[in-house]
Amino acid sequence: MSEAVLDAGPLIHLAELEALDTLMDFSALFVPLAVRQEVERYQPSALTHPDLMLSHVFAPLPSPSLLAMGRALSLDKGEMEALSMMDHHPNAILLTDDSAARLAAEHRGIKAHGTIGILIRSVRKGRRTEREAIDLLRDLRGRSTLYIRPSLLVEIILALEKEWKLVPEKQ
Amino acid sequence: MSEVKTTISLPSGLAKQAQEQIQAGWFPDINSLVVEALRRYLETHRDELMERFIREDVEWGLHRDE
């Protein structure tokens, strides 16, 4: 089982979709202070899920190279703290939906994934059926504040239905 | 450089933070701050970049054990 460091996006978006339980099979879920504060502002229910053991942590001070990257990419405080945590947990996975944070992670050799990956992974981990995962993806635009181009989302759903050999549902 | 005028509404907390930056002298006015913020956001949230990350997520979700 892997450890994960959370940025605000996946916590907020999964709470909006009532799918926070898809995070349950990570061995540890680290939530830096600035991320917690951001989630408290926008989706406080994400922090009180009864079955989710979130570890609220103080992130270490960012390294000079991370500071420089953060300025260049205009990363916010939560993203900086999450990336700083990753420097001390190099085998963990950074969970973020922000593409600037993912770009920074890529440059630093950090594994990073977002809400869509978590939802699809939940099938592999036995937490959702294939159809349930497809339904959550269909609901993304209506029920969550995660932005994704509609045509790309349709393409992904069709590809998943093919991969999972599901009969496509009529829209 | 041609310009397009637009009107936006800011959440009060965000507007307060913006005003603090302006008063501290980082930006001459709210217009400059919003233009800079938007330019930077669009630089790091290009369509092809976001699409690549989402496709990587699909691959990870389907097949890659961590």
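In the predicted model, helix α5 of chain A, spanning residues 99-107, is largely enclosed by the rest of the structure, because seven of its nine residues are buried. The buried positions of α5(A) are Ser99(A), Ala100(A), Ala101(A), Arg102(A), Leu103(A), Ala104(A) and Ala105(A). The packing partners of these residues come from both chains. In chain A they are α3 (64-72), α4, β4 (93-95) and β5 (112-113), and in chain B they are α2 (30-44) and α3 (47-62). At the start of α5(A), the backbone nitrogen of Ala100(A) has a side-chain oxygen of Asp98(A) within 2.9 Å. After the helix comes Gly109(A), which has a positive phi, near 70°.

Helix α4 of chain A, residues 77-88, contains Glu81(A). The side chain of Glu81(A) is buried but takes part in no salt bridge. Lys77(A) provides the nearest side chain of opposite charge, at 4.6 Å, whereas the salt-bridge criterion requires a nitrogen-oxygen pair within 4 Å. A polar atom of the Glu81(A) side chain does lie 3.4 Å from the backbone nitrogen of Leu33(A). Apart from residues up to four places away in sequence, Glu81(A) touches Pro32(A), Leu33(A), Ala34(A) and Ala59(A). Leu33(A) thus appears both among the residues touched by Glu81(A) and as the owner of the backbone nitrogen at 3.4 Å.

A second acidic residue of chain A, Asp25(A), is located in the loop that connects α1 (8-16) with β2 (28-32). Asp25(A) has a relative accessible area of 13% and is therefore buried. Its side chain makes polar contacts with two arginine side chains, that of Arg121(A) at 2.6 Å and that of Arg127(A) at 3.4 Å. When neighbours within four places in sequence are set aside, the residues in contact with Asp25(A) are Met1(A), Arg121(A), Lys125(A) and Arg127(A).

Side chains of opposite charge can pair when their charged atoms come close. Over all chains, the whole structure holds 20 salt bridges. One of them is formed by the side chains of Arg149(A) and Glu51(B), with an N to O distance of 2.3 Å. This pair joins two chains, because Arg149(A) is in the chain A loop between α7 (130-143) and α8 (150-163), while Glu51(B) is in helix α3 of chain B. The two partners differ in exposure class: Arg149(A) is partly exposed, at 31% relative accessible area, and Glu51(B) counts as buried, at 19%. The value for Glu51(B) falls under the 20% limit that defines a buried residue. Both residues belong to a network of salt bridges that also includes Glu155(A), Asp47(B) and Arg55(B).

Further salt bridges are found within chain B. The side chains of Glu56(B) and Arg52(B) pair at 3.0 Å, N to O. These two residues are separated by about one helical turn, because they lie four residues apart in helix α3 of chain B. Glu56(B) is partly exposed, with a relative accessibility of 26%, and Arg52(B), at 34%, is likewise partly exposed. A salt bridge also links the side chains of Arg46(B) and Glu48(B), with an N to O distance of 3.0 Å. Arg46(B) is partly exposed, its relative accessible area being 39%.

Helix α2 of chain B contains Glu43(B). Glu43(B) is partly exposed, with 40% relative accessible area. A distance of 20 Å separates the C-alpha atom of Glu43(B) from that of Phe27(B), the two residues being 16 positions apart along the chain.

Chain B also carries a nonpolar surface patch of about 330 Å², made by Ile8(B), Leu10(B), Leu14(B) and Ile30(B). Of these residues, Ile8(B) lies in the segment that precedes α1 (12-23) of chain B. Ile8(B) is exposed, with a relative accessible area of 51%.

Conventions
Residues are numbered from 1 along each chain as its sequence is written. Chains are lettered from A and ligands numbered from 1 in the order in which they are written. This is a predicted model: local features need pLDDT of at least 70, side-chain atom pairs count only at pLDDT 80 or more; totals for chains, interfaces and linings use all residues. Side-chain values use heavy atoms; hydrogens and water are left out. Buried means under 20% relative accessible area, exposed over 50%, partly exposed in between (1.4 Å probe, protein chains only). Lys and Arg count as positive and Asp and Glu as negative; His and the chain ends are not counted. A polar contact is a pair of N or O atoms within 3.5 Å; within protein, one must be able to donate a hydrogen and the other to accept it, and residues adjacent in sequence count only if both atoms are side-chain atoms. Contact means heavy atoms within 4.5 Å. Patches are made of residues with over 30% relative accessible area and no salt bridge: like charges are joined within 9 Å, nonpolar side chains (Val, Leu, Ile, Met, Phe, Trp, Tyr) within 5 Å. Accessible areas come from the Shrake-Rupley method with a 1.4 Å probe; for residues, only the protein chains shown count as cover.
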